[in-house]
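Hello,

Here is the structure we spoke about, with its sequence. My notes on what turned up in it follow below.

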Amino acid sequence: MTIGAEHERVSDLKRMIVVEAKSLTTPEGVDAIARLTKRRRLVLFLNVATWALIVAVAVSIFSTGGWTLLSTCMTLCLALGAPWPVLGFWNAVIGLWQLHGKKGKAQAEKVFHAAAGDTSPLSAKTAVLMTLRNEDPARALARLKTVKASLDQTGQGKHFTYFVLSDSEQPDLLLKEEEEIAAWQQSDTDSGRIIYRRRKDNSGFKAGNIREFARRWGADYEFMLPLDADSLMTGKAIVALVRIMEKNPRIGILQSLVVGTPSSSAFARMFQFGMRLGMRTYTMGQAWWVGDCGPFWGHNALVRIEPYLRHCAVDGLSKTGPILSHDQVEAVLMRKAGFEVRVLPVETGSYEDNPPDALEFMRRDARWCQGNMQYLQLLGMRGIEPVSRFQLFWSVLMFIGAPAWTLLAALLPLAMWQAQAETDFPWHAVEIMYGALLLMHLAPKLAGIIDAVLTPGEVSRFGGGLRFASSAIIEIVFSLILGAVVTIRTSIFMLGLLFGKGVVWNGQRRDGEGVAWSDAVRWLWPQFLFGLWLYVAIALVSPAAALWSLPLTAGYVLAIPFVVFTASPAVGRFFRRHGIAGIPEDFAPPAEIRAMQARN
């Protein structure tokens, strides 16, 4: 795809973002609300009907021969685990329809007008915030320097000020932070717009860090752009977000679609290849019906400071301490205050790093799990929008599904053994349900593959047809194995939460150095033993069923070598050298990616 064609596609999709940002008192605004309501009702019907069908089929299967404790437990597990793949399936289908269906393009409302081509001066001041917590300061600041240089090249750089907000505690890192900031300020002519602040009291974690900034400096700026230590955005993307927010004062948060940066880690490459494809259709489909109750991921998003400061305090909402996953709660409160929360479901130059190996991925997943479980205390919050309440519930259900699927798998051999005695057991229905659930689980990835194939020149951006096809197959196998590994880990972690165990808020390991076999065994022996027992038990009942179960059981058995292999620097170098699981920025990196790589 040529640069001009890509720009045309992005500009076209920006005009497809769901609901017009016009006054609710105008006929256009009333019509937009009516259309959005119809969309939400349609999505609700599709999801509930699909889920009910799955449960009904499960009831017909598991009730064969009469109800028992085993059949009741398996039905409940399936009912708890099914909602996540069901919604993922319909979001992907709707997203693909929006991207390529004629009706989708005809019915999509024009909300955010083309901002990239606007050359008029900005009027608002924006604070670019990078929050640090025991991170490598040189690595993080290389990204922030790249952001500043890119913004300066747009000619709008004077409207942005850069804040490094530190919550670090380790003395050696604190010294490095101060040295790196001082060197940057001395070498940059805009040193007055480069500000460093470290809190001695780290109350509220990241949310408290940003809120303290807003109380202290917020009156001087209209917008803030929170960035994580691994964030990177192009100046063009940031300026476009500001222009959209300037023209639409009802928007309180505008979230960009974040994609992965090029990596030499085999794990990160495969993970972000799948996410790059899956998030396109999933986010587009989600944006079609969530509308003004969109997601907020806590970084790479523009936030209107005044309503954030007045309405988005999360202090004291949780009885179990500061809310770790504060971002979605802030989005809920912003919408409660009457401001819209939007997601821009197109790739516009917004990046982040992905975990370098499966162990770091599981650590991050545990933090998210603990934070999302805190939402249980907020489901009864008064005055919030129904879609906002659903998003909090959905964030909880996402992790509750993990132990549900684990228990279902554990009970499977016993259920198969009992079914052998039933001459009329509906094995054909079991096969159909198994295939349907697997298809729904993979739907966002498959829809992303179809999107790439249907978009002229897109497969070439991923390195060509052969690389794209082989990478897609490898990533699907990768995701099935990773899903099994993470499901067991999440189940164990959630069990620990019931007994007061949890994770602490700290820095993350951003660069891959490999995983030792001893560490892999220490982390993953439960997955291996569970998978070995499960596979042998199924094989004893039915050798044929054991083969069909491999998409489920192989991930458990292969967990240890999988983690070591995907974390190996040598494997990562091989992948990168041959373009395996490459993303467009691997083959044609933009100036900001090249500059960041040169700084590191």
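**Salt bridges**

A network of salt bridges links R276, R280, E347, D451, E458, R461 and E585. Please keep in mind that this is a predicted model. Over the whole structure, the search gives 26 salt bridges.

One pair in the network is R280 and E458, whose side chains meet at 2.4 Å, N to O. This pair joins distant parts of the chain: R280 sits in helix α10 (residues 266–290) and E458 in helix α16 (residues 458–461), 178 residues apart. R280 has a relative accessible area of 6%, so it counts as buried. E458 is buried too, at 1% relative accessibility.

K445 and E475 form another salt bridge, with the closest N and O atoms 2.9 Å apart. Here again distant parts of the chain are linked, K445 being in helix α15 (residues 427–454) and E475 in helix α17, 30 residues apart. K445 counts as buried because its relative accessibility is 18%, and the cut-off for buried is under 20%. E475 is buried as well, with a relative accessible area of 4%.

A pair within one helix is E360 and R363, which meet in a salt bridge of 3.1 Å, N to O. Both residues lie in helix α13, three residues apart, or about one turn of the helix. E360 is buried, at a relative accessible area of 4%, whereas R363 counts as partly exposed at 31% relative accessibility.

As background, side chains of opposite charge can pair when their charged atoms come close.

**Helix α18**

The other item is helix α18, which covers residues 517–541 and contains W525. The helix has a kink of about 65 degrees at L524, shortly before the proline P526.

Which residues of α18 are buried? They are A520, W523, L524, P526, Q527, F530, G531, L534, A537, I538 and V541. These buried residues pack against α13 (358–373), α14 (386–419), α17 (465–498), α19 (543–548), α20 (550–557) and α21 (559–567). Two of those partners appeared above: α13 holds E360 and R363, and α17 holds E475.

There is also a nonpolar surface patch of about 670 Å², made by V521, W525, F528, L529, L532, V536 and L540. W525, one of the patch residues, has 48% relative accessibility and so counts as partly exposed; the class of exposed starts over 50%.

Regards

Conventions: Residues numbered from 1 in each chain as written. Predicted model: local features only at pLDDT ≥ 70, side-chain atom pairs only at ≥ 80, totals over all residues. Heavy atoms only, no water. Patch = residues over 30% accessible without salt bridge, like charges linked within 9 Å, V, L, I, M, F, W, Y side chains within 5 Å. Areas by Shrake-Rupley, 256 points an atom, 1.4 Å probe, with all protein chains shown as cover. Salt bridge = Lys/Arg side-chain N within 4 Å of Asp/Glu carboxyl O. Helix = DSSP H or I, 4+ residues; strand = E, 2+ residues; numbered from the N terminus. Buried < 20%, exposed > 50% of the residue type's maximum accessible area, 1.4 Å probe, protein only. Bend = angle between axes of the 7 residues up to and from the residue. Contact = heavy atoms within 4.5 Å.
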